[in-house]
Amino acid sequence: MAEPALHHVGYVVSSIALSIDGWRSAVSPVSVSPAFEDIIQGARVIFLDLPAPAVKLELIEPLGPQSPVAAFERKGGGLHHLCFEVDDLDQQISKMKAFKAMLIRHPQPAIAFGGRRIAWMRTREKLLVEYLERARNQV
Amino acid sequence: MDNLSDRLVTCFGLVFPNLPLDEIPSAAAGNISDWDSIAQINLLSVIGEEFGIGIDFEQFEGATSFPALLDRLREINGRG
């Protein structure tokens with residue numbers, strides 16, 4: 001089974017539309033994904049593919065005041081989480097619970113990842129981590 | 001106040017240092033402006049550490065006041 005691999009870094013902004021030009025200048029992405037509106041996650045997201053060997057940068061905009069990232073955005077936004085890809089989401093959650101990490105959001109499908117499941121945890125080091133399950137046929 | 005309650009007061013004091021001690025037992029998300037979703041995560045994390053329990057955030061959904069959190073802890077304590 002492959003080790004967890006860093007997939008992207010999440011950064012919360014108040015508006016993707018208003019900040020994307022600045023981000024293009026700041027990090028020179030190779031490509032930019034379409035925007036995804038994920039009602040389940042309560043956020044609009046977009047991915048910037050950075051030049052290799054860097055990982056992706058995810059810009060996250062809260063969809064309304066009830067969004068899980070709304071409070072973070074109200075405090076100014078910024079670096080929010082690391083996302084790791086894992087083979088088996090349930091197994092990873094169990095492993096992290098043994099390390100006293102707190103499960104914040106149970107596994108759910110995510111539109112931005114083609115319906116692949118994600119879960120959110122916070123480690124004892126106060127690091128917010130998103131786990132993304134690899135596609136079953138993904139090597 | 002019992003032991004559980006005292007320990008929960010200690011948790012609140014760590015997360016909301018500006019909250020007067022005598023106001024903690026009636027504290028609720030609706031009457032503390034600092035109590036947002038980030039503070040809730042911090043609070044549950046501190047509670048997990050204090051009581052040595054694995055916290056499942058979604059199982060504590062809706063527990064956004066001191067009395068509600070105390071009730072959940074009593075339930076867990078009763079099961080344990």
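**View 1. The second largest pocket takes the largest share of its lining, 6 residues, from α2(B).** Welcome to this predicted model, where we start with a pocket and then move on to other close-ups. Two helices of chain B, α1 (3-15) and α2, each supply at least two residues of this lining. The second largest pocket holds about 290 Å³ of space. In total, 19 residues line the second largest pocket. To find its centre, look for A:K100 and A:R124 from chain A, along with B:S45, B:G48 and B:E49 from chain B, which lie nearest to it. If you sort the lining by class, you get 8 nonpolar, 6 polar and 5 charged residues.

**View 2. The largest pocket encloses about 1200 Å³ of space.** Its lining is made of 47 residues, and the closest to the centre are A:P68, A:V69, A:I104, B:S37 and B:I41. What classes of residue make up the lining of the largest pocket? There are 27 nonpolar residues, joined by 10 polar and 10 charged ones.

**View 3. Strands and helices frame the largest pocket.** Here is the same pocket again, now with its secondary structure in mind. From chain A, the strands β4 (43-49), β5 (56-62), β6 (78-86), β7 (102-109), β8 (117-122) and β9 (128-133) each give at least two residues to the lining, and so does the helix α2 (70-74). Chain B joins in through its own α2 (37-51), which also gives at least two. Which element supplies the largest share of this lining? That is α2(B), with 6 residues.

**View 4. Chain A and chain B meet in a contact that takes 12 residues from each chain.** Between the two chains, about 1200 Å² of area is buried, and carbon and sulfur atoms give 49% of this. On the chain A side, A:M102, A:I104 and A:R122 lose the most area to chain B, and together they make up 41% of what that side buries. You may recognise A:I104 from the second view, where this residue is among the closest to the centre of the largest pocket.

**View 5. Salt bridges and polar contacts link the two chains.** How many salt bridges run between chain A and chain B? The count is 2. A:K75 forms a salt bridge with B:D36, and their closest N and O atoms are 3.1 Å apart. There are also 7 residue pairs in polar contact between the chains, both partners being at pLDDT 80 or more. On the side of chain A that touches chain B, α2 and β7 of chain A are the elements that give two or more residues. The largest share of that side, 5 residues, comes from β7(A). By class, this side of chain A has 6 nonpolar, 1 polar and 5 charged residues.

**View 6. Two loops of chain A hold backbone details to look out for.** Most residues other than glycine have a negative phi, and most peptide bonds are trans. In the loop between β4 and β5 of chain A you will find A:P53. A cis peptide bond joins A:A52 to A:P53, with omega at about 5 degrees. A:S28 sits in the loop between α1 (16-27) and β2 (31-32) of chain A. Although A:S28 is not a glycine, it has a positive phi of about 45 degrees.

How values were computed:
Residues are numbered from 1 along each chain as its sequence is written. Chains are lettered from A and ligands numbered from 1 in the order in which they are written. This is a predicted model: local features need pLDDT of at least 70, side-chain atom pairs count only at pLDDT 80 or more; totals for chains, interfaces and linings use all residues. Side-chain values use heavy atoms; hydrogens and water are left out. On a 1 Å grid over the protein atoms alone, a cavity is a set of points where a 1.4 Å probe fits but cannot get out, and a pocket is an open set with protein on both sides within 12 Å along at least five of seven lines; lining residues have an atom within 4 Å of a point. Grid points are joined across faces, edges and corners, and a volume is the space filled by probe spheres set on the points. Helices (H or I, at least four residues) and strands (E, at least two) are DSSP runs, numbered from the N terminus. Ala, Val, Leu, Ile, Met, Phe, Trp, Tyr, Cys and Pro count as nonpolar, Asp, Glu, Lys and Arg as charged, and the others, Gly among them, as polar. Contact means heavy atoms within 4.5 Å. Buried area is the accessible area (1.4 Å probe) that two parts lose on being put together, summed over both. A salt bridge is a side-chain nitrogen of Lys or Arg within 4 Å of a carboxyl oxygen of Asp or Glu. A polar contact is a pair of N or O atoms within 3.5 Å; within protein, one must be able to donate a hydrogen and the other to accept it, and residues adjacent in sequence count only if both atoms are side-chain atoms.
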